Amino acid sequence: MPRSVGRSRSLPPPLPAAGEAPAWPLTVMHVAAEYWPVAQTGGLAEAVRGLAAYERLAGVRAVAVVPLYRMVREARLDLTTFGDPLLLRMGPREEQVQVWRWARPGEPDVLLVDHPPSFDRPGIYGESSEYGDNARRFALLSLSALSLVPRLAAGPLVLHAHDWHAALA
């Protein structure tokens, strides 16, 4: 973890509650299929958390947007709702997605996309093989993240799409 040299910095405040105007000069939104320590199959989870944590220490509002998988739900994190559910058009269907916020002091905020038909499954990408609807599942993640932008940033926002799962964002 980087150390500050010279004067110590206070940590930036957490995300405002849904509906409140953000007061940050810059927001970085990380969209990813994995986030350490709650959803991990390889190095992606650690990389996303590491980047977001470093940005937060540097005074940037860093937010990770990841799916609310079954394993995350089973971890019984202290989650709060982040605004009203999103109604998203996916082809001919309209999907309802609830977004949950996991906030911890000194850590980047994590927004968890809750859509049980897509993410309430035993694995992240599949079990013995990939889930057949992975492209649709992660397209929903990307669309959810894009729909959250107005709730997160009144000013500049950098969207960091991690791997193919977030490429449509």
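Start by selecting Arg104 and Trp102: the charged end of Arg104 sits over the Trp102 ring, 3.8 Å from its centre. Here, a charge sits over a ring if NZ of Lys or CZ of Arg is within 6 Å of the ring centre and within 35 degrees of the ring normal. Now pick Arg121 and Tyr131, where Arg121 lies over the face of Tyr131 at 4.8 Å from the ring centre.

A word on what you are viewing: this is a predicted model, in which local features need pLDDT of at least 70, side-chain atom pairs count only at pLDDT 80 or more, and totals for chains, interfaces and linings use all residues. Residues are numbered from 1 along each chain as its sequence is written, and side-chain values use heavy atoms, with hydrogens and water left out.

**The aromatic cluster**

Next, select Tyr69, Phe119, Tyr125, Phe138 and Trp164, which form one aromatic cluster. The structure holds four aromatic pairs. Rings of Phe, Tyr and Trp (its six-membered ring) pair if their centres lie within 6.5 Å; planes under 30 degrees apart count as stacked, over 60 as edge-to-face and the rest as tilted.

Zoom in on Phe119 and Phe138, a tilted pair with 6.4 Å centre to centre and 45° between the planes. Phe119 lies in helix H3 (residues 116-119) and Phe138 in helix H4 (residues 134-152), so this pair ties together parts that are 19 residues apart in sequence. Helices (H or I, at least four residues) and strands (E, at least two) are DSSP runs, numbered from the N terminus.

Are these two rings buried or exposed? Phe119 counts as buried at 0% relative accessibility, and Phe138 counts as buried at 1%. Buried means under 20% relative accessible area, exposed over 50%, partly exposed in between (1.4 Å probe, protein chains only).

Add Tyr125, which forms a tilted pair with Phe138: 6.0 Å centre to centre, 50° between the planes. Tyr125 lies in the loop between H3 and H4 and Phe138 in helix H4, so the pair ties together parts that are 13 residues apart in sequence. At 18% relative accessibility, Tyr125 counts as buried.

**Ser118 and Leu148**

Step to Ser118 in helix H3, which is buried with a relative accessible area of 6%. Leaving aside neighbours within four places in sequence, Ser118 is in contact (heavy atoms within 4.5 Å) with Arg137 and Leu140.

Then go to Leu148 in helix H4, buried at 0% relative accessibility. What does Leu148 touch, leaving aside its neighbours within four places in sequence? Its contacts are Met29, Val65, Phe82, Leu86, Val99 and Leu111. Try a distance label to Gly83 as well: the two C-alpha atoms are separated by 9.7 Å, although the residues are 65 apart along the chain.

**Helix H1**

Finally, select residues 43-57, helix H1. Its buried residues are Leu44, Ala45, Val48, Arg49, Ala52, Ala53, Glu55 and Arg56. Look down the axis: these buried residues fall within an arc of 160°, so they line one face of the helix. The arc is that of the directions from the helix axis to the C-beta atoms. What covers the buried residues of H1 includes strand E1 (27-31) and strand E2 (61-67). Last stop: just after H1, Gly59 takes a positive phi of about 90°.

How values were computed. The expected span of a helix is 1.5 Å times one less than its number of residues.
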